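Let's walk through this model together, moving from the whole chain down to single residues. Keep the viewer open as you read.

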Amino acid sequence: MNSLIWGDSGLRGGPANLALDREQRARTRSSGAPLLRFYACTPTASLGAYEDETHALRPAYCQVRDIPIVRRLSGGGALYLDPGQLCWTLTMPAAEPPLGPWLARLGEGVCRGLAAHGVSARFGAPNDIELDGRKLGSLFLGVEDGVLLAQGMLLGSLDVETMLKVLRVPKEKLTPEGFRSAAGRFAVLPPPGRDGTRRELQEMLAEALGAALGVSSRKPVPWPETASCPDAAAAKADGKEPYSAFIKTAGGVLLGHLRLDGRGRVASLQLRGNVQMRPHGLFTELEDWLQGASGEELSTRLPAFFSGRSWEMFRFTPADLLTLLHRLFERRRQAAALALPAEAVNTIMVHDPEGRHDTFSILETAEAVLVPYCAKPAWCKWRHRDGCSECGLCAVGDVYRLARERGLQVFTIRNFEHLEGTLGRLREEGVGAYLGMCCNNFFLKREYAFRTAGMPAVLLDISGSNCYELGQEELAYAGRFAAEATLHGPVVEKVMQFVPHRPGTSLPSIPRAARGRHRSPLGDEATGESGGCPDGDVRHQRP
């Protein structure tokens, strides 16, 4: 292989850097030369090659702040880039490079370059560069037309507030305290000090990455100007298709959007995910391969697709894709059985750790209902307690009523530890399945807790002022979230219709005359309550 040619293209906008990445890849493809380009980027939201924009980012915030959204050529998750970061793109000829070993090889090369510069970093598989246990940078790969493209960034400074507002799933709450907490999870490079320091670091990194490739690095060269620069709109993802679903895998979250024709066959399909794979166009080829397929044909079409190709999917498998596709096709059955539109059934999440159940088989065996405390009104005295008066002032009362009529246990989940404890208790009691309500952000972040419990579940997404939208998930985990989330009443009611009544277990109804007169969240003089429902109006209270 030729020696590594490298240079610095300077500070540019996200679309311009994307154009340079494409030209760099084309140069390596035509010349066979490995190329390394350092650069800086004006504020930009950088999507992974296969990600779904609306799942990963807040496009409305980016539009208001004039932050362009680009879809980079490597996989992985979304990043917020700004001038305080040292970014780099490496391209080299490679027909079928294994992604995992190359991530480790290049990540360790970056760490050797940093060590030569006096920074003792380590590679944290699969994608992170860490310093003293904190994240200093990231590394992602993409493969297309015989070229391996690696992209990375190192933090020279950190605008944590903008980063958390750009990304759809923030790691911390959007408050001053939350920003400080999030900042503690990141490390930054030592300050430049003098003009030559940045170039010296680039030289050390170029030498180390060249060594990782098994070649020497030349002296830096001026980087040629790009011939074209696409605007940011060209890089934006397409809109969602009517039926949508996601699953979490070891390699990342896979999402799909499906439109069916009148015969129930694939009319259009989009596959997305914060994942890494090769070749670059694998999802596009699979989408084309499945055109016109029915749900019954998936189990034969998918193996046939992968058997005739050279491919690698990093930490996810064809079986994961098959599960996602089955979930997408199941949306049609959900819509028909529940008489709900696509946007409503898209809020139904199926957790099936053994891969043997569908929505309705889980509902048929459900024995418990889990309700998040944040769906109860902030003024309700039962917000942080099991129990509900069914006063009619919120959708949670309907859930308790429907569960009571079916003889189901109901739990108000007060915090994350309570969720873990409740799931453990249900498992010990031999509960076969359950129905729950939570936002999809919570499910994705805490999926391991549901998986550890080992029970299948149907989970209904919540909306409104959920803790992730407000950036207050840490408060929510601790049971101190003050705002109110919203249950989708029609979805809850129609889903509950498929949970069978259990004869002899229904709790008795409380006569209306025995209830207090309170009907206002502001209190009622007749009951003496300052808010919430009166003590005499309680159903399904657990000891």
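Of the 543 residues in the chain, 55% are buried. This is a predicted model, and its secondary structure comes to 18 helices and 22 strands. Contacts that span long stretches of sequence are well represented: among those between residues at least 6 apart, 72% join residues at least 24 apart.

How far can you trust the coordinates? The mean pLDDT of the chain is 83, with 82% of the residues at 70 or more. Two stretches call for some care, though. Residues 170-174 stay under 50 in pLDDT, and the model gives them 29 contacts beyond four places in sequence. Residues 465-470 are also below 50, with 26 contacts in the model beyond near neighbours in sequence. Where pLDDT is low, the predicted coordinates should not be read in detail.

Now zoom in on strand S1, which covers residues 5-12 and includes Ser-9. Ser-9 counts as buried because its relative accessibility is 8%, below the 20% cut-off. Its side chain makes a polar contact with the side chain of Arg-37 at 3.0 Å. Leaving aside residues up to four places away in sequence, Ser-9 touches Arg-37 along with Asn-17, Leu-20, Phe-38, Tyr-39 and Trp-223.

Next come two paired strands. S12 (residues 252-260) and S13 (residues 266-273) run antiparallel to each other and are joined by seven bridges. If you want a landmark for the pairing, look for Leu-254, which stands opposite Gly-273 in S13. The hairpin has five residues between the strands, and in it Gly-264 adopts a positive phi near 80 degrees. Six of the eight residues of S13 are buried, so this strand is largely enclosed by the rest of the structure.

Which residues of helix H9 are buried? In this helix, residues 298-307, they are Leu-298, Leu-302, Phe-305 and Phe-306. Viewed down the axis of H9, these residues fall within an arc of 90 degrees, so they line one face of the helix. The face turned away from that buried side carries Thr-300 and Ser-307, both exposed. On the buried side, the packing partners of H9 are helix H8 (282-289), strand S15 (312-313) and helix H10 (318-338).

What about the cysteines? Searching the whole structure turns up zero disulfides. For Cys-87, the closest cysteine sulfur belongs to Cys-41 and lies 6.1 Å away, which is too far for a bond. Cys-87 itself is buried, and Cys-391 is buried as well.

One more residue to visit is Arg-451, found in helix H16 (residues 447-453). Arg-451 is separated from Glu-354 by 97 residues in sequence, while their C-alpha atoms are 9.5 Å apart in space.

The table below gathers the accessibility of four residues from this tour.

| Residue | Relative accessibility | Class |
|---|---|---|
| Ser-9 | 8% | buried |
| Cys-87 | 1% | buried |
| Cys-391 | 12% | buried |
| Arg-451 | 43% | partly exposed |

Why does Arg-451 count as partly exposed? Its relative accessibility is 43%, and the partly exposed class lies between the 20% limit for buried and the 50% limit for exposed.

Notes
Residues numbered from 1 in each chain as written. Heavy atoms only, no water. Helix = DSSP H or I, 4+ residues; strand = E, 2+ residues; numbered from the N terminus. Buried < 20%, exposed > 50% of the residue type's maximum accessible area, 1.4 Å probe, protein only. Polar contact = N/O pair within 3.5 Å; in protein donor to acceptor, adjacent residues only side chain to side chain. Contact = heavy atoms within 4.5 Å. Arc of directions from axis to C-beta. Pairing = 2+ DSSP bridges. pLDDT = per-residue confidence, 0-100. Disulfide = S-S within 2.5 Å.
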